[in-house]
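Colleague: I should like to go through the reasoning behind the labels attached to this model. Please set each value against its criterion before you conclude.

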Amino acid sequence: MILDEHAITRREAIREAVVAMLALSSGGALAGTSGCSRANPLPVKPHRFIDPERCIGCGRCVTLCPMGAIALHGKSSIDPDACAECGVCWRSRVCPQDAIREGNLAWPRVIREIFSNPMMGHASTGVLGRGTAGIKTNDTEGRFGRENIGVFVELGRPALGARFHDVEAVVKTFKRHGYDVISGNPVAELIRDKRVGSLRPEVLNEKVLSCLVEFVMPRTEAGKLQPIVREIERNVQTVFNVSVALRADTDGRSPFRHLFGNDARLLPWSKVNIGVADGISGKEG
Amino acid sequence: MSHTSQRRGVDRHTANRELIVLAMVPSRYKRDWGVRGAMRELAMTMLKHRPENWLSRNFTRLKVPKLGPAQGVIEFIDKFRPQATPEILVSLAGLMSSVMTAVYTDRDAVARLIAEIKGPWLSRNREKGYPISIVLSGIPDDVRACCTRSGVREHTYLHSIGFYGRVAGLPSEDELSLMTMCGHGLISVHRVRHLTGLIADRHLTPREAAEDIARPCVCGIVNMTRAADIFTRLAAGLGSGSPLTS
């Protein structure tokens with residue numbers, strides 16, 4: 001990038017004008033709301049597909065799909081069962097014939113797009129993504145205090161994807177140990193029977209790129225997490241990762257080793273809210 | 001949400017090579033024009049400290065339906081005045097999104113950025129009640145160094161305790177290092193392997209391959225410098241000669 005220091009005033013003015021124009025023309029734009037404008041006025045299938053009349057069989061789209069759902073047999077086609085509706089192929093502009101088409105997604109298929117396409121927002125959270133704001137706004141919203149642990153189980157990433165019967169296995173396992181999915185997590189809206197954690201039956205075979213399920217447990221029960229994870233391992237058909245959210249000690253250090261012990265597995269990478277919004281008494285937006 | 005917390009191929013041996021800065025305001029504030037202005041100012045500050053990649057960087061190369069007619073305007077500007085495009089894109093992201101992200105390859109730059117954030121921008125936010133949070137993702141030594149140097153203290157941690165379940169079905173560690181650079185899982189292992197083959201056959205440079213896998217990541221958090229290094233390593237294992245250099 002080149003920042004032209006000498007023309008900053010004129011450029012600032014141009015930028016202000018352009019940004020204002022963009023803001024007016026794009027409405028909610030990047031902020032994200034449920035629903036998605038469709039570029040194709042006449043979708044003809046209930047899932048994403050490649051128009052065989054337009055496809056010239058160049059195969060450029062094939063390797064783009066994170067789920068490996070596109071195959072080339074003379075012409076490219078999308079396997080609707082394997083497709084998670086993430087939109088990578090369509091967004092990429094890779095097709096020289098513009099043959100990749102968005103489908104007319106209905107319930108429950110639409111849930112694939114809601115969970116897999118990062119340009120879609122969840123109505124329950126109001127933000128783009130698969131879960132709540134987690135630790136990102138904890139200095140403002142105080143979800144995680146020094147008495148509890150946030151537990152995040154993400155199924156399907158990387159590479160494999162996940163079906164909701166695997167998600168249900170996670171929800172049920174935590175429920176058996178006394179933990180409910182936190183409100184605000186999109187999965188909470190799919191639970192049919194809160195007593196056991198079963199999901200709506202029509203979503204169970206839907207496939208998503210990844211699905212994040214969130215729980216909170218008291219710090220005094222930290223020792224229960226590993227046995228729960230091992231139990232889930234026996235009951236799911238895909239890969240999953242687990243993260244824990246911890247309010248820092250008063251000196252800024254992580255209490256992870258104190259809570260989980262020196263032998264506990266820990267990736268050498270962490271995500272840290274640095275507290276700059278702490279104490280800002282926000283007005284209601 | 002886990003997003004940047006599952007990155008592979010980074011540890012204390014790769015210190016000072018990758019730090020992600022994320023800013024976020026609770027969603028109920030995102031329609032407040034004062035908050036939007038503060039986010040845009042922050043976005044421009046983040047750009048000033050020369051990130052490797054940032055949110056919205058790819059929007060001239062992707063279909064982004066929610067931009068509506070604005071996408072055409074951006075592409076028109078990009079065609080005739082490309083040097084103005086980064087500022088417009090990052091400003092747009094700051095203005096319209098409740099999240100702003102950027103990835104840096106120099107922790108000194110991040111420390112300077114955090115120090116700048118702590119100045120008048122944060123004072124104004126405190127006065128006006130704009131609760132914009134800042135999150136750093138990186139190896140613990142880098143995060144600690146940035147916090148210490150800029151005089152802030154860690155508030156809340158998110159630690160990954162690893163992958164479980166059907167891990168035998170996962171790609172190789174180097175491939176995973178590339179794929180986990182996108183927190184939404186949008187980088188395809190098939191694409192990684194295809195590009196590796198092209199590098200090995202000297203049809204593509206590692207940097208071009210890194211740019212290619214960075215494109216689907218709408219958050220702009222792929223570290224293309226590290227990705228190019230990994231592609232070089234992968235292609236060296238496949239090809240007969242050394243890969244092209246970027």
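Colleague: What makes strand 2 and strand 3 of chain A a hairpin?

Modeller: In this predicted model, strand 2 (residues 70-73) and strand 3 (residues 75-78) of chain A are joined by 4 bridges in the antiparallel sense. Two strands count as paired at two bridges or more, so the pairing criterion is satisfied. The turn between them holds 1 residue, and Gly74(A) in that turn has a positive phi of about 80 degrees. Within the pair, Ala71(A) stands opposite Ser77(A).

Colleague: How do you know that Cys89(A) is in no disulfide?

Modeller: The nearest cysteine sulfur belongs to Cys86(A) and is 6.5 Å away. A disulfide requires two cysteine sulfur atoms within 2.5 Å, so Cys89(A) does not qualify. A search of the whole structure finds 0 disulfides over all chains.

Colleague: Why is Cys182(B) not counted as bonded to Cys217(B)?

Modeller: Their sulfur atoms are 4.3 Å apart, which is too far for a bond; the limit is 2.5 Å.

Colleague: Are Cys89(A) and Cys182(B) buried or exposed?

Modeller: Buried means under 20% relative accessible area. Cys89(A) has 9% and is therefore buried. Cys182(B), at 1%, is therefore buried as well.

Colleague: How do you know that the length of helix 5 of chain A agrees with its number of residues?

Modeller: Helix 5 covers residues 164-176 of chain A, which is 13 residues, and at 1.5 Å a residue it should span 18 Å. Its end C-alpha atoms are 18 Å apart, so the two values agree. The buried residues of this helix include Phe164(A), Val167(A), Val170(A), Val171(A) and Phe174(A), and among them are also the acidic Asp166(A) and Glu168(A). Gly178(A) follows the helix and has a positive phi, near 100 degrees.

Colleague: What makes strand 10 of chain A and strand 2 of chain B edge strands?

Modeller: The sheet is open and antiparallel, with 9 strands in the order 10(A)-5(A)-11(A)-5(B)-12(A)-4(B)-1(B)-3(B)-2(B). Strand 10 (211-218) of chain A and strand 2 (53-54) of chain B each have a single partner strand, so one side of each is left without a neighbour in the sheet.

Colleague: What joins strand 1 to strand 4 of chain B?

Modeller: 5 bridges join strand 1 (residues 19-24) to strand 4 (residues 133-138), and the two run antiparallel. Met24(B) stands opposite Ser133(B) in this pair. Helix 6 (residues 225-235) of chain A packs on the sheet, touching strands 5, 10 and 11 of chain A and strand 5 of chain B; its direction makes about 35 degrees with that of strand 5 of chain B. Helix 6 (residues 140-150) of chain B also packs on the sheet, and its direction makes about 140 degrees with that of strand 4 of chain B.

Colleague: Why is Arg166(B) called partly exposed?

Modeller: The class runs from 20% to 50% relative accessible area, and Arg166(B) has 44%, so the term applies. Arg166(B) is found in the loop between strand 5 and helix 7 of chain B. Beyond its neighbours within four places in sequence, Arg166(B) is in contact with Leu160(A), Gln237(A), Thr238(A) and Val239(A).

Colleague: Which residues have the most contacts inside the largest nonpolar core?

Modeller: They are Ile50(A), Leu178(B), Val192(B), Ile213(B) and Phe231(B), in a core of 63 residues. Helix 10 of chain B supplies the largest share, 7 residues. Setting aside neighbours within four places in sequence, Val192(B) touches residues including Leu178(B), Ile213(B), Phe231(B) and Leu234(B). A second, separate core of 42 residues includes Ile274(A), Val25(B), Ile114(B) and Ile134(B).

Colleague: Which residues does the cis peptide bond with omega about 5 degrees join?

Modeller: That bond joins Trp107(A) and Pro108(A), and Pro108(A) is in the loop between strand 4 and helix 3 of chain A. The bond from Arg157(A) to Pro158(A) is also cis, with omega near 5 degrees.

Colleague: Where does Asp98(A) lie?

Modeller: Asp98(A) lies in the loop between helix 2 and strand 4 of chain A. Its phi is positive, about 50 degrees, although Asp98(A) is not a glycine. With a relative accessible area of 35%, Asp98(A) is partly exposed.

How values were computed: Residues numbered from 1 in each chain as written. Chains lettered and ligands numbered in written order. Predicted model: local features only at pLDDT ≥ 70, side-chain atom pairs only at ≥ 80, totals over all residues. Heavy atoms only, no water. Buried < 20%, exposed > 50% of the residue type's maximum accessible area, 1.4 Å probe, protein only. Expected span 1.5 Å × (residues − 1). Contact = heavy atoms within 4.5 Å. Axes fitted to C-alpha atoms, helices over the stretch in contact; angles between N-to-C directions. Core = buried A, V, L, I, M, F, W, Y, C linked by side-chain atoms within 4.5 Å.
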